[in-house]
Amino acid sequence: MWDLWDRTTLPDSIKRWFNSYLHGRQSRVNFRDATSSTRNVKTGVPQGAVTSPILFNFYLSLLPLPPEGVYIVQYADDISDYTCGTNIQQLTNSINSYIKEVLSFLSERELEVSPSKSTVTLFTPDTHEALIHPKVQMDGTTVKLDRTPKLLGVTFDTMFSFSAHIKATTTKAKGKVNILKALAGSAWGQDKETMIMTYKSICRSTLEYGVPIWGPLISQTNWQKLQTVQNQALRTATGCLAMASHTHLHRECKVLPLKEHGDLLTKQFLAQCFLPSHPGNKQLNMPPPPRKIKLTNLIHE
């Protein structure tokens, strides 16, 4: 890694700080009231440190560039490479060819890749192709098929319906609505304004996480599932009965219906993408893939 330091524009003072920060680290394990002896840590980055993802990205900054037609998305030790087209066998061959280069690069840097934790997903609008398992290989092992991969908190699926993501989101959000119920009470509970603020902080943020990705694609039925959770939360905050109309709930709480608020966030995100410094700017002028078929391989170390 240290040969990379000479290629950066970081000030020497910051380089010396990181050098001191990473050297001389020690660790020990405590289990059932027993503590192991101290061991020196010579590799890796500190777990949980805010600088660790950046340091790891820096360590992999010389990752081989993919061939034409193959793209890569990386965050720390999660690497996803993908390609688009209509011939699934050709897509598989392109992914397999690039994987060999990536594995060789990682091996030179003493990084191990677990084929059992890696997955491959075929995104397609054709229901007849939804069950196809592309034979992506890693060290002679066929990577398992995952029809609902989870990337940075968003659960995708083969047909881009995002039904699995909506199901997981509503389950998680309902648990947070129970927190609101614990705060409510006719005599001792929190006031309406505090309840609404709490809902926006812990529940609506969960319901709308990643909405620019899945919001434009999900069905009205899935939107209704999310809206039902919001209605429950607003009724808890206001004390309204089940017969109260949704329009009254939103007016009293001064909260937009979930789909309207999600559309607003999506438009704001799209507008930000037009800024040259925004990471999504480079995606604006990319041509649409044929038939929107995408083969993705996910590598987890």
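**Two loops and two cores**

K254 lies in the loop between helix 9 and helix 10 (258-273). Helices (H or I, at least four residues) and strands (E, at least two) are DSSP runs, numbered from the N terminus.

The model is predicted: local features need pLDDT of at least 70, side-chain atom pairs count only at pLDDT 80 or more, and totals for chains, interfaces and linings use all residues. Residues are numbered from 1 along each chain as its sequence is written, and side-chain values use heavy atoms, without hydrogens and water.

**Exercise 1.** Describe the backbone and exposure of K254.

Step 1: K254 is not a glycine, yet its phi is positive, about 55 degrees.
Step 2: Its relative accessibility is 74%, so K254 counts as exposed. Exposed means over 50% relative accessible area, buried under 20%, partly exposed in between (1.4 Å probe, protein chains only).

**Exercise 2.** Do likewise for D139.

Step 1: Find D139 in the loop between strand 8 (137-138) and strand 9 (141-142).
Step 2: Its phi is positive, about 55 degrees, although D139 is not a glycine.
Step 3: D139 has a relative accessible area of 63%, so it is exposed.

**Exercise 3.** Which residues touch the most other members of the largest nonpolar core?

Step 1: Such a core joins buried Ala, Val, Leu, Ile, Met, Phe, Trp, Tyr and Cys residues through side-chain atoms within 4.5 Å.
Step 2: This one has 28 residues, and Y199, C203, L207, W214, I218, W223 and L226 touch the most other members.
Step 3: Elements giving two or more residues include helix 5 (163-183) and helix 8 (220-238). Helix 8 gives the most, six residues.
Step 4: A second, separate core has 18 residues, among them L63 and V143.
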